[in-house]
Amino acid sequence: MKISKTKTQFFSLCFLLPLFILQACGQNKKKENTKTVMMENKISKPGNPYYSNTDTTKINVSDAEWKKVLPEDVYAVMREADTERPFTGKYWNTDEKGTYYCASCGNLLFRSGAKFSSSCGWPSFFEQENKNSVVYKKDNSLGMERIEALCGRCGGHLGHLFDDGPEPTGKRYCMNSIALDFIPDSK
């Protein structure tokens with residue numbers, strides 16, 4: 001009896017050992033890294049489904065829809081091309097380092113390194129962050145010839161572009177503070 005019990009254990013071991021080896025070999029295979037990195041919004045606007053600090057896809061949303069998701073004062077400036085009073089906006093006189101985004105859709109617009117102090121009463125920049133950040137259209141309202149600056153993603157009114165800025169561009173992007181969101185650089 002002792003021999004048959006030993007034989008049974010031996011055969012069981014011979015049968016199970018390859019299974020453990022195969023299982024162990026399967027675990028030694030290098031697994032591919034399938035981790036997906038999702039960049040999250042840096043600013044949360046839960047009532048605005050169009051807001052994203054990472055998505056650069058152009059969006060075409062009706063003014064009626066914007067009216068539902070934007071605060072009334074932001075809507076007036078960004079969808080109706082209203083202008084905030086000079087020297088009243090939150091960013092006209094700040095020099096904090098960081099990034100400026102569209103207040104309607106979250107599109108990256110300007111870096112603080114391009115901001116300069118102007119006497120106009122609105123935040124001013126000498127260049128946009130990239131060639132698609134801001135787009136332009138002629139504006140002949142109020143009996144003036146100007147160039148309107150619009151968000152390159154949602155088409156929202158940001159302000160105007162003038163040719164009286166500092167070097168190296170000579171441009172002055174004169175923006176409404178209310179049309180901008182700001183995220184300070186991490187310390």
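## Notebook: charges, strands and turns in a predicted model

**Entry 1. Surface charge.** I looked first for like charges on the surface and found a patch of negative charge formed by Glu72, Asp73, Glu80 and Asp82. I placed Glu80 in the loop that runs between helix 3 (72–78) and strand 1 (98–102). I note here that the model is a predicted one.

**Entry 2. Overall make-up.** I then turned to the secondary structure, which comes to three helices and nine strands. Reading along the sequence, I recorded the pattern α-α-α-β-β-β-β-β-β-β-β-β. I also looked up burial for the protein: of its 187 residues, 40% count as buried.

**Entry 3. The sheet.** I asked in what order the strands of the open sheet stand. The sheet has six strands in the order 3-4-8-7-6-5, and their pairing is antiparallel. At its edges I found strand 3 (115–116) and strand 5 (134–139); each has a single partner strand, so one side of each is left without a neighbour in the sheet. As background, I noted that strands of a sheet pair through backbone hydrogen bonds, either parallel or antiparallel.

**Entry 4. From strand 3 to strand 4.** I examined the pairing of strand 3 with strand 4 (residues 124–125), which is antiparallel and has two bridges. Lys115 stands opposite Phe125 of strand 4.

**Entry 5. Strand 7 and its partners.** I next considered strand 7 (residues 157–162) and asked how many of its six residues are buried. Five of them are, and I therefore entered the strand as mostly covered, taking under 20% relative accessible area as buried. On one pairing, strand 7 runs antiparallel to strand 6, with four bridges joining the two. In this pairing I found Leu150 opposite His157 of strand 7. The hairpin of strand 6 and strand 7 has five residues between the strands, and Gly155 in this hairpin takes a positive phi near 80°. Strand 7 is also joined to strand 8 (residues 172–175) by four bridges, again in the antiparallel sense. Here I recorded Met175 in strand 8 as the bridge partner of Gly159.

**Entry 6. Salt bridges.** I searched the whole structure for salt bridges and obtained nine. I looked up three pairs in detail.

I began with Asp181 and Lys45, whose closest N and O atoms are 2.9 Å apart. Asp181 lies in strand 9 (residues 180–184), whereas Lys45 is in the loop between helix 1 (2–28) and helix 2 (63–69), so this pair ties together parts that are 136 residues apart in sequence. I checked whether each residue is buried or partly exposed. Asp181 counts as buried at 9% relative accessibility, while Lys45 is partly exposed, with a relative accessible area of 26%.

I then took Lys137 and Glu148, whose side chains form a salt bridge with an N to O distance of 3.8 Å. Lys137 belongs to strand 5 and Glu148 to strand 6 (residues 146–151), so the pair ties together parts that are eleven residues apart in sequence. I recorded Lys137 as partly exposed, with a relative accessible area of 46%, and Glu148 as buried at 7% relative accessibility.

The last pair I looked up was Arg172 with Asp164, a salt bridge in which the closest N and O atoms are 2.7 Å apart. Arg172 is buried, with a relative accessible area of 11%. Asp164, by contrast, is partly exposed at 48%.

**Entry 7. Backbone angles in the loops.** I asked where a cis peptide bond occurs. The bond from Glu167 to Pro168 is cis, with omega near 15°. I located Pro168 in the loop between strand 7 and strand 8.

I also looked for positive phi values in residues other than glycine. Phe87 is not a glycine, yet its phi is positive at about 65°. Phe87 is placed in the loop between helix 3 and strand 1, and I recorded this residue as partly exposed at 46% relative accessibility. Leu142, likewise a residue other than glycine, has a positive phi near 55°. I found Leu142 in the loop between strand 5 and strand 6, where this residue is exposed, with a relative accessible area of 70%.

Technical notes: Residues are numbered from 1 along each chain as its sequence is written. Side-chain values use heavy atoms; hydrogens and water are left out. Two strands pair if DSSP finds at least two bridges between them. Patches are made of residues with over 30% relative accessible area and no salt bridge: like charges are joined within 9 Å, nonpolar side chains (Val, Leu, Ile, Met, Phe, Trp, Tyr) within 5 Å. Accessible areas come from the Shrake-Rupley method with a 1.4 Å probe; for residues, only the protein chains shown count as cover. A salt bridge is a side-chain nitrogen of Lys or Arg within 4 Å of a carboxyl oxygen of Asp or Glu. Lys and Arg count as positive and Asp and Glu as negative; His and the chain ends are not counted. The place of a charge is taken as NZ of Lys, CZ of Arg, CG of Asp or CD of Glu. Buried means under 20% relative accessible area, exposed over 50%, partly exposed in between (1.4 Å probe, protein chains only).
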